[in-house]
Amino acid sequence: MSFRTPEILRSVILDDIRGAQKMLAGVARMTPMEGSRHLTRLVGAPVHLKCENLQRTGSFKLRGAYVRIAGLRPEERAAGVVAASAGNHAQGVALASSLLGVRSTVFMPVGAPLPKVAATREYGADVRLVGHVVDETLAAAEQYARETGAVFIHPFDHPDIVAGQGTVGLEILEQCPEVRTILVGVGGGGLVAGIAVAVKALRPDVKVIGVQAEGAAAYPPSLAAGRPVSIEAPTTMADGIKVGRPGDVPFKIIGDLVDDVRTVSEDELSSALLLCLERAKMVVEPAGASTVAALLSDPASFDGPVVALLSGGNVDPLLMQRILRHGMAAAGRYLSLRLRLTDRPGALAGLLGALSVADANVLDVSHVRTDPRLGLTEVEVELHLETKGPEHCEEVAAALRAKGYTILD
């Protein structure tokens, strides 16, 4: 069975996206557009957040999945569909299939977050956990398609998928007609390709800019080479855009229509997620926060009004906890210190008293007496503190030094 037929490699036009929008009426909701005062001040122009994290299933993926499955012939529907995904595409395919009365099988990695696995099952899919990385899961899904005749639903590399995702672009132009720049997170490229087709057909003056995680940025080298290029072992916390090779269908569109593809660091991603939670009151996954990370990394480089797409909000609570700690550290709101004290009663209490005066919140204390590097009357203390920002970190360290404490490197 071939997964790259001439039909699959056809391009996408505005009429395809308008047709997809009609098909999605009553299925996908028009997600809200929220202004951000903080980002507006930072950028020096209006910034709006397009909240696809509030879409059904928690991401934009339902749009493309529904359009793709709805377009199947009766005999294809009867054979069922199969997909491979770590989360968002899985849920989109599961719900779309249930709405259309089509049997779905979804392969997910063994380590997929339990909330995503449970949600995919609740939407009606037969979930099978195979492989430890997405490539292994994808191979298993393709093998299942060959053996059973089920239709493989690719997460981004099909014109119907691109057309469905492009409906986000039509909504952005309707909700913010004065927009001048649209920022979109990029993995395989289906979302930004669809948005670019819709926007450039109606408003060629609007800039469409893609954003990738530095550790999974396959588009910059691919665009430079003029063809899709694979990167080995993509690494990022943003699993929603953790893709090692651009899709053939979106790649051509992106090369022709997308104005730029930028990259953001892991620190910028975690800081952006923290900002979305604290300032916008939005639960957003790292991939969804990539556009905000781009604004934080170079705010003066965007023409406003700017629309930053929050593409999804499906984040595992345990991962969210780790990312928030990382984001607070990146923002200078955690401080780790090592000090040596005289090992006598009251020494630790005195240190904690000095920290209280400095208004630093102690999160964790490690008290070590047995290190061979320590003198007979010495003890080493490692502290993890919550602070109010980089300036406060410096103030806390200065206050300790003023009290006679030596801070170790």
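**Exercise 1. Which residue in β10 does Thr181 stand opposite?**

Let's work this out on the structure above, which is a predicted model.

Step 1. Find the two strands: β7 covers residues 181-185, and β10 covers residues 306-310.
Step 2. Look at how they pair: β7 and β10 run in the parallel sense, joined over three bridges.
Step 3. Look across from Thr181, and you meet Val306 in β10.

**Exercise 2. Place these strands in their sheet, then find the helices that pack on it.**

Step 1. Write down the strand order, which is β1-β2-β10-β7-β8-β9 in an open sheet of six strands with mixed pairing.
Step 2. Mark the edges: β1 (33-35) and β9 (260-264) each pair on one side only.
Step 3. Note the twist: on average, neighbouring strands are turned by 25° against each other, direction ignored.
Step 4. Add helix α8 (residues 159-175), which lies across β1, β2, β7 and β10 and runs at about 140° to β2.
Step 5. Add helix α13 (residues 290-297), which packs on the sheet and touches β2, β7, β8, β9 and β10. The direction of α13 makes about 140° with that of β10.

**Exercise 3. Explore the nonpolar cores.**

Step 1. Start with a general idea: in soluble globular proteins, nonpolar side chains tend to be buried together.
Step 2. Turn to the largest nonpolar core, which has 64 residues; Ile69, Val81, Val93, Ile182 and Ile195 touch the most other members.
Step 3. See who contributes: helix α9 (residues 190-202) gives the largest share, eight residues.
Step 4. Zoom in on Val93: leaving aside neighbours within four places in sequence, its contacts include Ile69, Val81 and Ile153.
Step 5. Finish with another core, lying apart from the largest one: this core has 37 residues, among them Leu49, Leu273, Val315 and Ile323.

Conventions: Residues numbered from 1 in each chain as written. Predicted model: local features only at pLDDT ≥ 70, side-chain atom pairs only at ≥ 80, totals over all residues. Heavy atoms only, no water. Pairing = 2+ DSSP bridges. Helix = DSSP H or I, 4+ residues; strand = E, 2+ residues; numbered from the N terminus. Axes fitted to C-alpha atoms, helices over the stretch in contact; angles between N-to-C directions. Contact = heavy atoms within 4.5 Å. Core = buried A, V, L, I, M, F, W, Y, C linked by side-chain atoms within 4.5 Å. Buried < 20%, exposed > 50% of the residue type's maximum accessible area, 1.4 Å probe, protein only.
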